[in-house]
Amino acid sequence: MIEARHLRVLRAVAGTGSFSAAARELGCTQPAVSQQMKALEQSAGTPLLIRTGREMRLTQAGEALVRHAAGILAGLTAAEEEVAAIAGLRAGRVRLVSFPSGSSTLVPTALAAMRAAHPGTRISLVEAEPPRSVEMLREGDCDVALAFRYGGGAAGAAAEWEDLVVTPLLTDRLVGLVPEGHRLAGAERVGMAELAEEPWIAGCPRCRRHLVEVCEGAGFTPRIDFATDDYPAVVGLVGAGLGVAVLPELAVESVRAKGVSTLAVEPAVEREVVALTLPDLARVPAVAATLGELVRAAAR
């Protein structure tokens with residue numbers, strides 16, 4: 001294998017015409033230059049220099065290697081500078097995927113902080129709910145995925161994510177939504193069983209499954225009249241008097257809840273919001289910095 005340090009010595013010898021002059025240029029000893037040239041010729045499998053008395057000239061193979069050395073060494077220098085810039089957060093990119101309520105609450109604060117601290121780092125954002133966002137991470141389509149898991153399924157989710165680096169962000173409590181004119185509007189809290197006869201409006205598929213589990217735990221199966229992945233649509237349907245719903249506080253925070261009354265739900269239902277990445281990606285400075293800003297955004 002031809003090493004870059006050997007190519008630098010070859011260029012110095014070709015440029016100066018002797019081992020001693022090359023040694024002075026490189027700041028090393030003449031024996032060191034001679035040893036490196038021998039190593040290079042062994043790697044190349046052919047002589048690169050012809051020594052005739054005090055003169056030294058390149059063989060045809062030596063000329064070819066010197067000709068390519070300039071581009072090789074320039075490319076390595078550029079690569080070293082680019083890697084140094086990325087490591088120093090002067091450059092680089094982070095591809096972030098988030099579920100919608102995270103995109104409208106946690107992500108803006110985190111990305112604004114990243115841009116202020118590291119303007120050379122480019123961050124892109126796309127939206128996807130788990131488990132699709134987790135699949136995107138494993139498939140190499142993103143570097144950081146915001147995801148969530150409900151308390152009742154934490155053990156299963158932990159096993160599902162055991163190959164990932166999990167950064168906890170916050171615990172997001174679900175709140176009940178009823179129309180302003182509803183009999184329970186204005187109450188501080190409500191038991192799930194009190195909503196057993198109500199028509200329901202459900203959210204994303206994972207939230208929908210969890211809603212059914214919670215309701216069945218309270219002794220009834222919810223009658224779901226409407227289902228939508230769009231949180232503003234859920235709020236709008238509730239506000240129009242078409243049913244009741246439970247949504248994460250992050251989702252309610254991200255929507256103008258017009259015509260809706262919010263109330264605490266008993267028993268308390270919570271989901272854990274986390275940021276996920278791969279172990280190797282966690283060591284990339286830009287990814288680590290993004291995770292740190294997400295943690296700080298969640299603490300506000």
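Where is the place of Leu 89 in the chain? Select Leu 89 in this predicted model, and the residue appears in the loop between H4 and strand E3 (93-98). Its backbone deserves inspection: although Leu 89 is not a glycine, its phi is positive, at about 60 degrees. As a general rule, most residues other than glycine have a negative phi. Leu 89 has a relative accessible area of 15% and is therefore buried, since the cut-off for burial is under 20%.

**The whole chain**

Zoom out next to display the full chain, in which there are 12 helices and 12 strands. Along the principal axes, the C-alpha trace spans about 105 × 35 × 25 Å. The radius of gyration of the chain is 31 Å, whereas a compact globule of 300 residues would have a value near 19 Å. Colouring by accessibility would show the buried portion, which amounts to 44% of the 300 residues. Consider also the contacts between residues at least 6 apart in sequence: 70% of them join residues at least 24 apart.

**Helices H1 and H2**

Move now to the N-terminal part and select helix H1 (residues 4-16) together with helix H2 (residues 19-26). The two helices pack at an angle of about 120 degrees, and their axes are 8 Å apart. H1 is therefore oblique to H2. The crossing of H1 past H2 is right-handed. To see the contact itself, display the side chains of Arg 8, Val 9, Ala 12, Val 13 and Thr 16 in H1, which meet Phe 19, Ala 21, Ala 22, Glu 25 and Leu 26 in H2. Sorted by class, the contact of H1 with H2 comprises seven nonpolar, one polar and two charged residues.

**Helices H1 and H3**

Keep H1 displayed and add helix H3 (residues 30-44). The axes of H1 and H3 come within 9 Å and cross at roughly 115 degrees. H1 is thus roughly perpendicular to H3. The crossing of H1 and H3 is left-handed. On the H1 side, select Arg 5, His 6, Val 9, Leu 10 and Val 13; on the H3 side, select Val 33, Gln 36, Met 37, Ala 39 and Leu 40, which they meet. By class, the contact of H1 with H3 has seven nonpolar, two polar and one charged residues. Val 9 and Val 13 of H1 are among the residues listed for the contact with H2 and for the contact with H3.

**Arg 67 in H4**

Proceed to helix H4 (residues 60-87), where Arg 67 lies. Arg 67 counts as exposed because its relative accessibility is 59%, and the cut-off for exposure is over 50%. Add Arg 11 to the selection and draw the distance between the two C-alpha atoms, which is 9.1 Å. In sequence, Arg 67 and Arg 11 are 56 residues apart.

**Two cis peptide bonds**

Which peptide bonds remain to be visited? In general, most peptide bonds are trans. Select Pro 130 and Pro 131, which are joined by a cis peptide bond with omega of about 10 degrees. Pro 131 lies in the loop between strand E4 (122-127) and helix H6 (132-138).

For the last stop, select Glu 266 and Pro 267: the peptide bond from Glu 266 to Pro 267 is cis, with omega near -5 degrees. Pro 267 is found in the loop between strand E11 (260-266) and strand E12 (270-277).

Technical notes. Residues are numbered from 1 along each chain as its sequence is written. This is a predicted model: local features need pLDDT of at least 70, side-chain atom pairs count only at pLDDT 80 or more; totals for chains, interfaces and linings use all residues. Side-chain values use heavy atoms; hydrogens and water are left out. Axes are lines fitted to C-alpha atoms, for helices over the stretch in contact, and angles run from 0 to 180 degrees between N-to-C directions. Helices (H or I, at least four residues) and strands (E, at least two) are DSSP runs, numbered from the N terminus. Angles under 35 degrees count as roughly parallel, over 145 as roughly antiparallel, 65 to 115 as roughly perpendicular and the rest as oblique. A crossing is left-handed if the near helix is turned anticlockwise from the far one by less than a right angle, and right-handed if clockwise. Contact means heavy atoms within 4.5 Å. Ala, Val, Leu, Ile, Met, Phe, Trp, Tyr, Cys and Pro count as nonpolar, Asp, Glu, Lys and Arg as charged, and the others, Gly among them, as polar. The radius of gyration is taken over C-alpha atoms; the globule rule is 2.2 Å times the number of residues to the power 0.38. Buried means under 20% relative accessible area, exposed over 50%, partly exposed in between (1.4 Å probe, protein chains only).
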